[in-house]
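Q: Please take a close look at one part of this structure and then connect it to its surroundings. A first-year student should be able to follow each step.

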Amino acid sequence: MRLIAVRRAVQLLVVAGLCQLPWLNLAGWRGVNGSFFALDFLGIPFADPVGAAQVAAMGFLPAGRLLAGAILSLCIALLLGRVFCSWVCPYGFLSELVYALRWRRSGARMVARQAFWGKILLLVLGLVAALGAGFPVLGVVSLPGELSLLPVFAWQGDDAWLLLGAAAVPLAALALEFATGRRLWCRLVCPQSVLLGLAAKCLPGAVPGLRIGWQATKCTCKGKAPCQLACSLDLNPRRKGGPDRQDCTHCGDCINACAGYGKALEWAAKNATGKKRIFFVDSL
């Protein structure tokens, strides 16, 4: 529960910070500026890797800070997995809230491999479209970036249609997820999750990183598997080796659900050789 509380606090701080950022920048504070397309955080550049890929697809060399920010974002995913999705992404936060209101506890599970390959296809088609259209097409459906621009459009207040247009896709996606009881966008569409997921999956065991480990000897759920029901992305935390790093966002929901059943699921850290696993969930 402590882990979940910390994660929720971080998500709320991110949303509150985005809402206040235009006013802070107007007042002269430039410590943080930009959006989730390209963000400068205390002098450190962060950027959407898909945005940099689209610039490259259009035949341009990404600017130095944009390229550096994209590489830094991918390096974080390489080391820690897709933590951006469950700790920072404003759409991920809203999607989780909608899912909690309309929690679907049963039904067919989405197949991880098919879902990820579908997102890869959409990303490739988007890059081809960017090349043909001459502008970053996928930016229109980049929900973290679109949501991070809403406070700017609201502050400007001179074009209600621009504000409505930026909010239309996120609102439509959330409405569809509420109707179906599934986190469809994050699981089946989000182009940002493709490159972050590939980075998270890259060189498994070759770098230190977070894992979810399942110890069958500690499992006392007697087949009920509450941890599997807890995953809003339809992943199986009891999979050998843990959920696939390309899909798992390290939200901790499965670990929290498992806490009353012998703590069979735990966060784990692998050393550089991938041979040693150290469990440290009790220290959180």
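**From a buried aspartate to the sheet**

A: Asp244 touches Lys201 and Arg239, not counting residues up to four places away in sequence. The model is a predicted one, and every value below is computed from it. Asp244 lies in the loop between helix H11 (226-230) and helix H12. With a relative accessible area of 16%, Asp244 counts as buried, because the limit for that word is under 20%.

Another residue leads from this loop to the core. Ile212 touches Gly241, Gly242, Pro243 and Cys248, and also Cys254, Ile255, Leu265, Glu266 and Trp267, again leaving out residues up to four places away in sequence. Ile212 is among the residues with the most contacts inside the largest nonpolar core, which has 29 residues. Tyr91, Trp185, Cys254, Ile255 and Leu265 belong to that group as well. In general, nonpolar side chains tend to be buried together in soluble globular proteins. Several elements give two or more residues to this core, including helix H5 (90-101), helix H8 (160-180), helix H12 (253-258) and strand E5 (265-270).

The cysteines deserve a separate comment. The structure holds zero disulfides. Cys251 is buried, with a relative accessible area of 12%. The closest cysteine sulfur to that of Cys251 is in Cys231, and the separation of 6.1 Å is too far for a bond, because a disulfide requires two sulfur atoms within 2.5 Å. Cys75, by contrast in burial, is partly exposed at 35%.

The position of Cys75 leads on to another part of the chain. Helix H3 (residues 64-80) lies across strands E2 and E3, and its direction makes an angle of about 75 degrees with E3. How are the strands of this sheet arranged? The sheet is open and has three strands in the order E1-E2-E3, paired antiparallel. Strand E1 (32-34) and strand E3 (44-47) are the edge strands, since each pairs on one side only. From one strand to the next, the twist averages 20 degrees. As a general rule, strands of a sheet pair through backbone hydrogen bonds, either parallel or antiparallel.

The two pairings can be followed residue by residue. Three bridges join E1 to E2, and these strands form a hairpin with three residues between them. Within this pairing, Asn33 has Asp40 in E2 as its bridge partner. Four bridges join strand E2 (residues 38-41) to E3. Here Ala38 is bridged to Ala47, Leu39 stands opposite Phe46, and Phe41 stands opposite Ile44. The hairpin of E2 and E3 has two residues between the strands, and Leu42 takes a positive phi near 55 degrees in it.

Which residues of E3 point to the buried face? Pro45 and Ala47 point to one face and are buried, while Ile44 and Phe46 point to the other and are not. This alternation follows a general rule, because in a regular strand the side chains alternate between the two faces of the sheet. The bridge partners Phe46 and Ile44, opposite Leu39 and Phe41 respectively, are thus the two E3 residues that point to the face where they are not buried.

Conventions. Residues are numbered from 1 along each chain as its sequence is written. This is a predicted model: local features need pLDDT of at least 70, side-chain atom pairs count only at pLDDT 80 or more; totals for chains, interfaces and linings use all residues. Side-chain values use heavy atoms; hydrogens and water are left out. Two strands pair if DSSP finds at least two bridges between them. Axes are lines fitted to C-alpha atoms, for helices over the stretch in contact, and angles run from 0 to 180 degrees between N-to-C directions. Contact means heavy atoms within 4.5 Å. Buried means under 20% relative accessible area, exposed over 50%, partly exposed in between (1.4 Å probe, protein chains only). A nonpolar core is a set of buried Ala, Val, Leu, Ile, Met, Phe, Trp, Tyr and Cys residues joined through side-chain atoms within 4.5 Å.
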